[in-house]
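Please walk me through this structure part by part, in a way that suits someone who is meeting it for the first time.

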Amino acid sequence: MKKAIVIFLSMIMLLSANACSNNTEISDSTSSEIVQTAEPIQLVNKMTETERSKVNKHTLTLLDEPADIEDIEHKVSIEFKTPTPEDMLANLENMRDKMTDDEYEQAVEGINKMAESGESYPTYPVYALIDGCLYSGMFWEPENDDDDNYMIITTYNDEMSEFENITFYTFEEYLDWAAKDYKKNGFSDDMIKNKIRQIQMVRDALKSGDYETLPEGSIDPLLFTDPYADPFADYRNIWEYDRTAVEAIKDSIDEISIYDEELNTEFLVHVTLPPNYDKDKTYPVFFLTDGVWRFGNHTELCKVMEDGDSDDVILVSLGYNYKIDGTNAYYRFTHLIQERNKLLDFITDNLMPYLGENYNIDYANSSLYGHSNGGVFTHNALFKSDLYENQPFGNYIIGSPAFWGLYDEVFDLDSEGCQSDYGYFDRNNTLDKNVFLCGGSLEDPDYADSYNGHDTTLEGLAKLNERLESHNANVTYKLYESHHYQFIPEMLTEFLKETYPKQ
């Protein structure tokens, strides 16, 4: 897939939580019968060679104890730049107020003489990676340890009103300032500790020469989805699940690391096979977004199958590798909202075809679930499904869609396209998918400060139901007596039983 530039958000106001909780009562609902089809569907895998080379299917590692970062060997890669005379003069201007007129004129003269002679300028580091994560600190080069040298950086002042230059004469001075700056910007103590470790690691690599040299121009920082990636982090502890229940079925769980070039992100997929799984049989997939929370529902759904209360399905949840905090609103907004088309490309043309190469899948009867930001994504996936050659899902769950999050003053998130269901019914007379709309009857006050005059969550959901009914779509609409997310475990169990009754 083609790579895409991701613009980093300075502020994310869209926060949406999901968690397991107690079951709640069901309120009145309207429904349409869900019709199963048996038409065999084949998918075409459109992964690039790079994407295929990075897939790693293995046993479950979620239960493993995080390794001691001191015992892990880390790889540092650095990109250097050979400056042009224009670069040198621009850097000189940044330091102008720190120099006397004579010093400035001598420096300009020296640069011009080097340019005339054709002499090359010394290279300097511009970007670095630690274990593939983008390094965001400054470079303290070996020569800066000399008594006569110093480093100047340009940054915002404390009031964030204008830039100022700060001079450091020792590495320790810079580390002390960096720690305070991270603290000022809201980083936790653990994050600050790891940031300082990164600075020290890059500095040590530059001093020892123990690093990989990358070609000039090979790193584009805008292509890194996470500008604050931490190569020393391990977020297994924030995944929500019942450890005892997972241990009981862990031999039925495959864990897959899969990279998407278009999003420049490594995802983590958990595949839970049904009880008495037969590799020669064909099974629908029940696909859940927000794996950091929804993997925890695999055990409950497996119990439903084991008790004979539903037919067997393959459970799939999509999350991030353990170096990424999947509960962070930044990632959920980036992938489920801002880059939802690219995520749809990945699931439709990469992930689901890959899963079909490893398991026998009944795509026509497979289901895609998303809630809140994920509900916006699933809505997008449903009404753009006709634009794809691959058809991996026949059923779509749109839970508590946060359509109001599309009204953003900075980014064009196509709120108008969403309201018209992306022109699906302009291109098609009928919808050949089954749709389950759901939400919590008590949830509108949960995000009252976020609506800003636009439809609330439930208003947006009701209007979507009206549009689908006007087109005679096969839609089920149900509200649970619940706030924003508490109904999810009950809803998933209920959907499994009703959509996949025991044969």
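What follows goes from one strand and its neighbours to a sheet, then to the cavities and to a single leucine.

The model is a predicted one, and a convenient place to enter it is strand β14, which spans residues 395-399. Five of the five residues of β14 are buried, so this strand is largely enclosed by the rest of the structure. In a regular strand the side chains alternate between the two faces of the sheet. Both faces of β14 are covered, with Asn395, Ile397 and Gly399 buried on one side and Tyr396 and Ile398 buried on the other.

The strands that pair with β14 come next. Strand β13, made of residues 367-371, pairs with β14 in the parallel sense over five bridges, and within this pairing His371 stands opposite Gly399 of β14. To get from β13 to β14 the chain passes through helix α11, residues 373-383, and the β-α-β crossover that results is right-handed. Strand β15, residues 434-440, also runs parallel to β14 and is joined to β14 by five bridges; here Tyr396 has Val435 of β15 opposite it.

A second region to follow is an open sheet of four strands, which lie in the order β5-β4-β3-β8 and whose pairing is mixed. The strands at the edges are β5 and β8, the latter covering 212-214, and each has a single partner strand, so one side of each is left without a neighbour in the sheet. Helix α5, residues 189-208, packs on this sheet and touches β3 and β4, and the direction of the helix makes about 125° with that of β4.

Within this sheet, strand β3 (residues 76-81) and strand β4 (residues 124-130) pair in the antiparallel sense over six bridges. Ser77 stands opposite Leu129 in β4, while Lys81 has Tyr124 of β4 as its bridge partner. Strand β4 is in turn joined by two bridges to strand β5, residues 133-134, and these two strands run antiparallel. Leu129, already met opposite Ser77, also stands opposite Leu134 in β5. The hairpin of β4 and β5 has two residues between the strands, and in this hairpin Asp131 takes a positive phi near 55°.

From the strands we can turn to the enclosed spaces. The structure holds two cavities of 30 Å³ or more, and about 130 Å³ of space lies in the largest cavity. There are 14 residues lining this largest cavity, and the closest to its centre are Asp290, Leu318, Gly319, Tyr320 and Leu336. The elements that give two or more residues to this lining are α7 (291-294), β12 (314-320) and α9 (329-338). Among the contributors, α9 provides the largest share of the lining, with four residues.

The last stop is Leu89, which has its place in helix α2, residues 85-94. Is this leucine buried, exposed or partly exposed? Leu89 is partly exposed, because its relative accessible area is 30%, and the range for that description lies between under 20% for buried and over 50% for exposed. Leaving aside residues up to four places away in sequence, Leu89 touches Val108 and Ile111. Leu89 and Val108 are 19 residues apart in sequence, and from C-alpha to C-alpha they are 7.1 Å apart in space.

Definitions and conventions: Residues are numbered from 1 along each chain as its sequence is written. This is a predicted model: local features need pLDDT of at least 70, side-chain atom pairs count only at pLDDT 80 or more; totals for chains, interfaces and linings use all residues. Side-chain values use heavy atoms; hydrogens and water are left out. Buried means under 20% relative accessible area, exposed over 50%, partly exposed in between (1.4 Å probe, protein chains only). Two strands pair if DSSP finds at least two bridges between them. A crossover is right-handed if, with the strands pointing away from the viewer, the path from the first strand over the helix to the second runs clockwise. Contact means heavy atoms within 4.5 Å. Axes are lines fitted to C-alpha atoms, for helices over the stretch in contact, and angles run from 0 to 180 degrees between N-to-C directions. On a 1 Å grid over the protein atoms alone, a cavity is a set of points where a 1.4 Å probe fits but cannot get out, and a pocket is an open set with protein on both sides within 12 Å along at least five of seven lines; lining residues have an atom within 4 Å of a point. Grid points are joined across faces, edges and corners, and a volume is the space filled by probe spheres set on the points.
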